[in-house]
Amino acid sequence: KCLDCHNENLSFTGLAKHKQLECECSSKKHFTCKYCEKEYISLGALKMHIRTHTLPCVCKLCGKAFSRPWLLQGHIRTHTGEKPFSCLHCHRAFADRSNLRAHLQTHSEMKKYQCACCLKTFSRISLLAKHQETGCLLS
């Protein structure tokens, strides 16, 4: 139960969220971004946001800048050709974990995208779009 407004919450995390974001009675400190005027309740959240403006992680090879070290690390793979994420089914390799996750859907039995012309099914909408762009045999 919130001691300020007496709102009852089901969990400790719900109460914490309420006090931080919703409760009108509690005195909130707002931290404002000097670049775009966005407001944050925690200083940590503001500092993370500011990195999107300052882009402190810079590629030594081409000068491209990123807000997070992991984004820079992924970018560097475009220079090195490193592909550390490989598919357990077909061993195809990817530079980015999210691309591997998208690829894994091609091995899934569940194909939820269907061509309206030939009724062929696809695991990803991008594969259906490619099928349609290259010309479905029945269209």
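What share of the 139 residues in the protein chain is buried? Buried residues make up 20% of them, where buried means under 20% relative accessible area, exposed over 50%, and partly exposed in between (1.4 Å probe, protein chains only).

1. Basis. This is a predicted model, in which local features need pLDDT of at least 70 and side-chain atom pairs count only at pLDDT 80 or more, while totals for chains, interfaces and linings use all residues. Residues are numbered from 1 along each chain as its sequence is written, and side-chain values use heavy atoms, with hydrogens and water left out.

2. Overall layout. The protein chain has five helices and eight strands; helices (H or I, at least four residues) and strands (E, at least two) are DSSP runs, numbered from the N terminus. Their order from the N terminus is α-β-β-α-β-β-α-β-β-α-β-β-α. Of the contacts between residues at least 6 apart in sequence, 0% join residues at least 24 apart, contact meaning heavy atoms within 4.5 Å.

3. Surface. The protein chain has an accessible surface of about 10,500 Å², and carbon and sulfur atoms account for 55% of that. Accessible areas come from the Shrake-Rupley method with a 1.4 Å probe; for residues, only the protein chains shown count as cover.

4. Helix H2. This helix covers residues 43-54, and its end C-alpha atoms are 16 Å apart, in agreement with the 16 Å that 12 residues should span at 1.5 Å a residue. The expected span is 1.5 Å times one less than the number of residues. Leu55, just after H2, takes a positive phi of about 45°.

5. Leu46. This residue sits in helix H2 and counts as buried because its relative accessibility is 8%. Beyond its neighbours within four places in sequence, Leu46 is in contact with Phe31, Thr32, Cys33 and Tyr40. His30 is 16 residues from Leu46 in sequence and 9.6 Å from it in space, C-alpha to C-alpha.

6. Helix H3. For the 12 residues of H3, 1.5 Å a residue gives 16 Å, and the end C-alpha atoms are 17 Å apart, which agrees. Leu72, His75 and Arg77 are buried in H3. The cover over the buried residues of H3 includes strand E3 (57-58), strand E4 (65-66) and E5. Gly81, just after H3, has a positive phi of about 80°.

7. Arg77. Why does Arg77 count as buried? Its relative accessibility is 13%, so Arg77 falls in that class. Arg77 is part of helix H3 and touches Glu82, Pro84, Phe85 and Ala95, residues up to four places away in sequence being left out.

8. Largest pocket. The space in the largest pocket is about 240 Å³. Its lining includes Trp70, Arg77, Phe85, Asp96 and Arg101. Helix H3 (69-80) and helix H4 (97-104) are the elements that give two or more residues to this lining; H3 supplies the largest share, six residues. By type, the lining residues divide into four nonpolar, four polar and four charged.

9. Arg92. The loop between strand E5 (85-86) and strand E6 (93-94) holds Arg92. Not counting residues up to four places away in sequence, Arg92 touches Phe85, Ser86, Cys87 and His103. Arg92 and His103 lie 9.0 Å apart in space, C-alpha to C-alpha, and 11 residues apart in sequence.

10. Pocket terms. A pocket, on a 1 Å grid over the protein atoms alone, is an open set of points where a 1.4 Å probe fits, with protein on both sides within 12 Å along at least five of seven lines; lining residues have an atom within 4 Å of a point. Grid points are joined across faces, edges and corners, and a volume is the space filled by probe spheres set on the points. Ala, Val, Leu, Ile, Met, Phe, Trp, Tyr, Cys and Pro count as nonpolar, Asp, Glu, Lys and Arg as charged, and the others, Gly among them, as polar.
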